[in-house]
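Hi,

Here is the structure I promised to pass on. Have a look at it first, and my notes on what turned up are underneath.

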Amino acid sequence: MKRVSNIDNSQCIYIRRLRVGLSLACMLLFALLMLLGACSQTEVEERPITGGEGKEVDATFRMNVLSNNFPSTRSLMFTDKETKEVADTLSAPSTRATNALDKSVEDNVANLWIAQYDDTGKLYSQYFESGAITSAATGLEVNLKLKTSAACRIYFIANAGDLESFITGESVLKTYTKDFAVSADGLPSGSLGMTGVWSGAVTDAGITGSVDLVRQAAKIIFKYTISNANGFSFTPTAVTLNNVPAKSQLIEPDAQLSSVSYGTYTGTVDNTTATVYWYLPENKAGIVSDANAVTSEKEKVGTGVSDATYIEMTGTAVQNGVTYNDVSVKLYPGGDAAHTTGTYNNYNVSRNCAYNMTITLTGIDFADKRVTVGSIPEITNPDNLDAAKGATKEVQITARPGVEWSFMLPSWLSAVIGGTSAGAGAQITYNGPAKITFTSVSANPTAEERTETLSIAGKNVTIKQNGSELKVNNPGQMDAAANSVSTNGWVNATNGLALLATISSADWLSFASPLATEATGANQDLTFKATTSNPSKNARSATVVVKGGNSISNGSYLALSKNVTVTQAGSTVTGSTVEVAATPVSNATATFGATPGLAWTATTGTAWITVGTTSGSNTAASNSVTYNTTATNPSSAKRAGIITVTAGGQSDSPTGTITVSQAASSLTVSANTNPLAATSGASGTYTLNGTSGLSFSVTNAASAWLTLTGTTTGTTNGSNQTFTYKTASVNPNSAERSGDVTVTAGNMSEKVTIRQSGSTFSVSNTSVNIAATVTSGSVNVTGTSGLPWTATRASGSTDISAGTTSSTATGSAQTLTFNTSVNTGGERSAVFTIAVTGGNHSKTVTVKQAAGMTGTLITIDNTHYAAYKSAANVTSYPPFDYDGNADYKGHKTTVEAGGSYSIELQKEDPSGQPSNDYYTSYNSGTGTLGQTAQNYCANYRKTNGETWRIPTEYELYYMYKIQAAGQNSFTPFASKRYYWSSSVYNGNSGIRCILNFSNGNINSNYTSYNYIYVRCVRDI
């Protein structure tokens, strides 16, 4: 034979393409390998015939590279959800990390070894071609020489190299294996090995046939996606293909190869998504049945087979807050192309099959047996439950997937697991990890923390509940009356805590409304009602014991026991004040208030009050009591009596007072306001008016001079009662005298003052002047009739005596005469006291007897009065004025009445001194006289006790008339000279009247004028 090495590359090679599909998804296809061949003239190298006796004939074979079968295309999740997909074609060529081999690489035929065996397995012929194998769109054909044979098998081995030195017989060929070479990244290092077999008779006519080339490798496409959401995250640490056989057998074996090592391929690690492609020899791990058979993907874990190829993805998962380390998911891609056996139990990885595995990680299904967890974290004990009923806490149970656990709930906890509720005391059975929500079905019955340790999945879980609390607030004080209700009391306890309130030893107290038997966690009213009125004025209290939880059943457990003090105010009695008349009243009514519902009594310690209604059985807000007043008020002031009301009947019961205010009595006494006459026997009346019924008496403080002529005792009748009195003697005093008459009625006294006018007593003159001759003088004594009076010498000359020494006044003037003898010496006098005996009337009369005269006696009468009034205006030139007294000593009155009076004229005239005329001013300056006229007369003969003065204008005029008529017995006045008078000119004290003794001219001059003469006179 000859070897044909020339290939016509211009010729298209026919390629037959076979597509195999599954019903659930697109298939991944292996492209067809290009068959060895060329144009029809192409020949292969002929090897020596090694067996067989037939002749050589021409044979032409068309070769097809079969598409991949898809026995297992699965989409898997870590949850119960599972879908089926089938890939349609192989991915585009790329690296292991992202894509499969290029299609042309998968279909490439780099070399071809062909061997013919007869039915006994003897080698007839073999052929090998390398380096000239190309692919074409139209297919592959090979031309060669075969030995005729009635039955033979022709093996087509592609990409295995020249097997001439290795294959000696068909039996050797069938069991021949070779290493499955891979590149550094795990892809095949050369073209994929392929095997085709033709069986039949080779006749003299030759053969024209076709052969299917089947790849000796399987392909795994593994795509994973991680969805880190909804409390789940997964961080992969490795992606591997495990139990990969290191060798492949040229002819498909019936079972798993023995004496072969297994390796591990790695894959891309990515936190989100990646697709990994692996090529591997077939691994017929087997199909399990019977006891090891499973019915779901989750149970396919390699039980019943050994060294089955599987994909493993490991990493760290966080689910529901629990971190799981060394989480492993193992996926077994095995299955057959025809799907004649359930994929769940088929672990065969067959040649020329593409296993498309898609997994989406959205959570860990710990019930999936393909999932294992290297380490289970400890269970974290939850925070304490609140003490209240209904408090919840969630616990993550970190059990190993697939491991069943159970525990009994205590009597105070319920739970929810996986959406299923379990009541208190129930048994919970579960498989794998879970979240349990514990709920307290009752409040903690103690004030201390309570603890329950549960053994769950081999771990202790401690559930703690805080201790309960119980708080109370004392209610406000209730009113003293029965049925009064307290306010503001409350109980605040942990929600759900059992409550019980009891009243300790207080028969007067009850609950206004019952306390709830279970606490709400908020303030709950605690109200009480008084069943009776408080009989005491003091507040009374009771103790209410409020218990919660275990304090109710255990009397010695006091942690949830509180005392509440309930207080009822002390009762009160409120009195009143009533006004009554001063006179007795009967059956009067007074009111008092009291706490309702109490027995009461009324008493009095006041002598003038008696109580009519003294007791009652039931007080009300307003009550009444009757009473009497038995006596008239003896006082002018209100008086008060007390009625004491006691309610409750106990020693400490409240009391109140009713004040009975009795009006004041009155007593008035009046008398004539005019005084009685000063005489004896003058009479009058007085009137008394007093509140009826009072005993009265009259006393007389003026009994020495006043006599009560009416009754002095009796009883007032409420009207005016009149009584009489009179004077017993004349009033000896000039002042009014009074005395009190006192009227006493009851405790009241009123005085009326009786007045008697003062008596009158007068003496007509306080001085009497008697001439030096033997004569007498007198005064008139006038006094109230009956006044005794006396005249006694107090001092002075005994030559002067009173005509009588005592007498009794008659009411008219009585003459008292003073007698003297002739006075030959100087002036003499005596002082007499005229006084009322026993009284304060006393008058002093000075009796003077003139000395023997040194001057001339002049008697002034009205002889020249008419001439004076004709010569001068008496208003401007007042005739009897002495220094402003117009009627000096009544001289004007006397003269105008036709009387007279005497004066003594200075004997000598100062102007008649031997040498000069002596003139002077009236009262300022001195003139030649050496002193004023006033001073001169005032000092003239003063040493003799005489009193001299300046004469009045009429006295000067009278003496001028006598002198002018030559009738004078006195030394004449100087002629042609003016003399001063004491008469004030026209009411101006600075100007005095003067008289010219040369012509009787009546004139005036200023008192300071010096050139006027003076001659003094003396009253006698």
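Let's start with one strand pair: E58 (residues 776-783) runs antiparallel to E62 (residues 814-819), and 6 bridges join the two. One of the contacts to look up is asparagine 780, whose bridge partner in E62 is threonine 815. The pair belongs to an open sheet of 4 strands, antiparallel in its pairing, with the order E56-E58-E62-E60. Strand E56 (761-763) and strand E60 (801-802) sit at the edges with a single partner strand each, so one side of each has no neighbour in the sheet.

Before you go further, keep in mind that this is a predicted model. The average pLDDT is 85, and 88% of the residues reach at least 70. Two stretches need care. Residues 1-44 have pLDDT below 50, though the model still gives this stretch 179 contacts beyond near neighbours in sequence. Residues 77-98 also stay under 50, with 97 contacts beyond four places in sequence. Where pLDDT is low, the coordinates should not be read in detail, so I'd leave those contacts alone.

Now the charged pairs. The structure has 24 salt bridges, and I picked out three.

The first is lysine 55 with aspartate 204, at 3.7 Å from N to O. Lysine 55 is in the loop between strand E1 (45-46) and strand E2 (56-65), and aspartate 204 is in the loop between strand E10 (194-202) and strand E11 (207-215), so this pair ties together parts 149 residues apart in sequence. As for the surroundings, lysine 55 is partly exposed, with a relative accessible area of 47%, while aspartate 204 is exposed at 53%.

Next comes glutamate 736 with arginine 755, at 3.0 Å from N to O. Here the glutamate is in the loop between strand E53 (720-727) and strand E54 (737-745), and the arginine is in strand E55 (residues 748-756), 19 residues apart. Glutamate 736 is partly exposed at 39% relative accessibility, and arginine 755 is partly exposed at 29%.

The third pair is arginine 949 with aspartate 1019, where the closest N and O atoms are 2.8 Å apart. Arginine 949 lies in the loop between helix H6 (933-939) and helix H7 (953-964), and aspartate 1019 lies in strand E70 (residues 1017-1019), so the pair ties together parts that are 70 residues apart in sequence. Are these two buried or exposed? Arginine 949 is buried at 4% relative accessibility, and aspartate 1019 is buried at 18%. If you're checking charges in that region, note that both residues also belong to a salt-bridge network with Lys889 and Glu955.

Last, the nonpolar cores. The largest has 43 residues, and Phe222, Tyr224 and Trp278 are the ones that touch the most other members. Which strands give two or more residues to this core? They are E12 (217-226), E13 (232-245), E16 (273-281), E18 (310-319), E19 (322-331), E21 (353-361) and E22 (371-375). E12 provides the largest share, with 7 residues. There is also a second, separate core of 27 residues, which includes Tyr958, Ile962, Cys993 and Tyr1013.

Cheers

Conventions. Residues numbered from 1 in each chain as written. Predicted model: local features only at pLDDT ≥ 70, side-chain atom pairs only at ≥ 80, totals over all residues. Heavy atoms only, no water. pLDDT = per-residue confidence, 0-100. Contact = heavy atoms within 4.5 Å. Pairing = 2+ DSSP bridges. Salt bridge = Lys/Arg side-chain N within 4 Å of Asp/Glu carboxyl O. Buried < 20%, exposed > 50% of the residue type's maximum accessible area, 1.4 Å probe, protein only. Core = buried A, V, L, I, M, F, W, Y, C linked by side-chain atoms within 4.5 Å.
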